[in-house]
Amino acid sequence: LGLFLGAIMPTRLHKNRKKRGHVSAGHGRVGKHRKHPAGRGNAGGQHHHRILMDKYHPGYFGKVGMRHFHLKRNPQHCPVVNVDKLWTLVSEQARTTARKDGALPVIDAGRAGYFKVLGKGRLPQVPVIVKAKFFSQDAEKKIKAAGGACVLTA
């Protein structure tokens with residue numbers, strides 16, 4: 001960002017113009033303006049900048065907990081949908097037309113992004129085929145009580 005500003009800003013507005021003729025340009029004769037006297041970036045966090053790190057970033061250094069080699073987060077991924085929300089997964093058209101011609105409506109929970117069907121809530125007494133990876137016992141009972149079927153998918 002500084003590079004761009006330097007290119008845009010005219011020389012007459014640079015702070016340095018005021019310092020012309022003054023030997024140390026405001027950086028002092030004794031201490032001198034050296035490149036990176038305290039180190040670059042986060043250097044010295046455990047040494048000369050320890051007080052700052054302890055004060056503003058407690059717990060920055062060190063480890064915590066146990067190591068888990070080859071951690072796979074995917075096996076725990078199992079989005080769920082309850083029985084009372086099942087009918088929201090199909091279109092309004094599918095809800096009405098499927099009842100007339102006799103073919104059962106198919107609700108594919110997996111296609112909607114849900115892996116497991118749980119049994120909370122009430123299901124309308126309309127037979128329906130539900131496809132999902134997993135079903136809870138309650139969900140299976142309620143779907144079958146409505147005259148439907150549970151189809152397990154891979």
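**Strand pairing, helix H5 and cysteines in a predicted model**

In this predicted model, strand S2, made up of residues 106-108, pairs with strand S4 in the parallel sense, and three bridges join the two. Within this pairing, Ile107 has Val130 of S4 as its bridge partner. Asp108 stands opposite Lys131, which also belongs to S4. On its other pairing, S4 meets strand S6 (residues 149-152), again in the parallel sense, over four bridges. Here Lys131 has Val151 of S6 as its bridge partner.

Taken together, three strands form an open sheet with parallel pairing, and their order is S2-S4-S6. S2 and S6 stand at the edges and have a single partner strand each, so one side of each is left without a neighbour in the sheet. Averaged over the sheet and with direction ignored, neighbouring strands are turned by 20 degrees against each other. The two faces of S4, which spans residues 129-132, can be told apart by their cover. Val130 and Ala132 make up the covered face, whereas Ile129 and Lys131 make up the uncovered one. Val130 is thus named both on the covered face of S4 and as the bridge partner of Ile107. Lys131, on the uncovered face, stands opposite Asp108 and has Val151 as its bridge partner in S6.

Helix H5 covers residues 137-145 and contains Ile143. The relative accessible area of Ile143 is 0%, so this residue is buried. With residues up to four places away in sequence left out, Ile143 touches Leu86, Val117, Leu123, Val128, Val130, Phe135, Gly148, Ala149 and Cys150. Among these contacts is Val130, a residue on the covered face of S4. Ala149 and Cys150 are also among the residues that Ile143 touches, and the range of S6 is 149-152. In contrast to these contacts, Ala7 lies 136 residues from Ile143 in sequence, and the C-alpha atoms of the two are 70 Å apart in space.

Helix H5 also holds Lys144 and Glu140, which are four residues apart, or about one turn of the helix. Their side chains meet in a salt bridge, with a distance of 3.0 Å from N to O. A search of the whole structure finds one salt bridge. Both residues have part of their surface accessible: Lys144 counts as partly exposed at a relative accessibility of 46%, and Glu140 counts as partly exposed at 30%.

Ser136 is located in the loop between strand S5 (134-135) and H5. With a relative accessible area of 17%, Ser136 is buried, because the limit for that class is under 20%. The side chain of Ser136 reaches the backbone nitrogen of Gly119 at a distance of 3.4 Å. Once neighbours within four places in sequence are set aside, the residues in contact with Ser136 are Lys116, Val117, Leu118 and Gly119. Val117 is in contact with Ser136 and is also touched by Ile143.

The cysteines were examined next. A disulfide is a covalent bond between the sulfur atoms of two cysteines. The search of the whole structure finds zero disulfides. Cys78 is in no disulfide, and the nearest cysteine sulfur is that of Cys150, 15 Å away. Likewise, Cys150 takes part in no disulfide, and the nearest cysteine sulfur to it is that of Cys78, at 15 Å. A pair of sulfur atoms would have to lie within 2.5 Å to count as a disulfide. Cys78 is partly exposed, and its relative accessible area is 31%.

Two residues in the loop between H2 and H3 have positive phi values. Ala25 lies in the loop between helix H2 (16-19) and helix H3 (50-56). The phi of Ala25 is near 50 degrees, which is a positive value in a residue other than glycine. Ala25 is partly exposed, at a relative accessible area of 23%. Lys32 is placed in the loop between H2 and H3 as well. Although Lys32 is not a glycine, its phi is positive, at about 65 degrees. The relative accessibility of Lys32 is 44%, and this residue counts as partly exposed.

Further along the chain, Arg73 is found in the loop between H3 and strand S1 (80-82). Arg73 is exposed, with 67% relative accessible area. Arg73 and Gly41 are 32 residues apart along the chain, and 34 Å separates their C-alpha atoms.

Technical notes:
Residues are numbered from 1 along each chain as its sequence is written. This is a predicted model: local features need pLDDT of at least 70, side-chain atom pairs count only at pLDDT 80 or more; totals for chains, interfaces and linings use all residues. Side-chain values use heavy atoms; hydrogens and water are left out. Buried means under 20% relative accessible area, exposed over 50%, partly exposed in between (1.4 Å probe, protein chains only). Two strands pair if DSSP finds at least two bridges between them. Axes are lines fitted to C-alpha atoms, for helices over the stretch in contact, and angles run from 0 to 180 degrees between N-to-C directions. Contact means heavy atoms within 4.5 Å. A polar contact is a pair of N or O atoms within 3.5 Å; within protein, one must be able to donate a hydrogen and the other to accept it, and residues adjacent in sequence count only if both atoms are side-chain atoms. A salt bridge is a side-chain nitrogen of Lys or Arg within 4 Å of a carboxyl oxygen of Asp or Glu.
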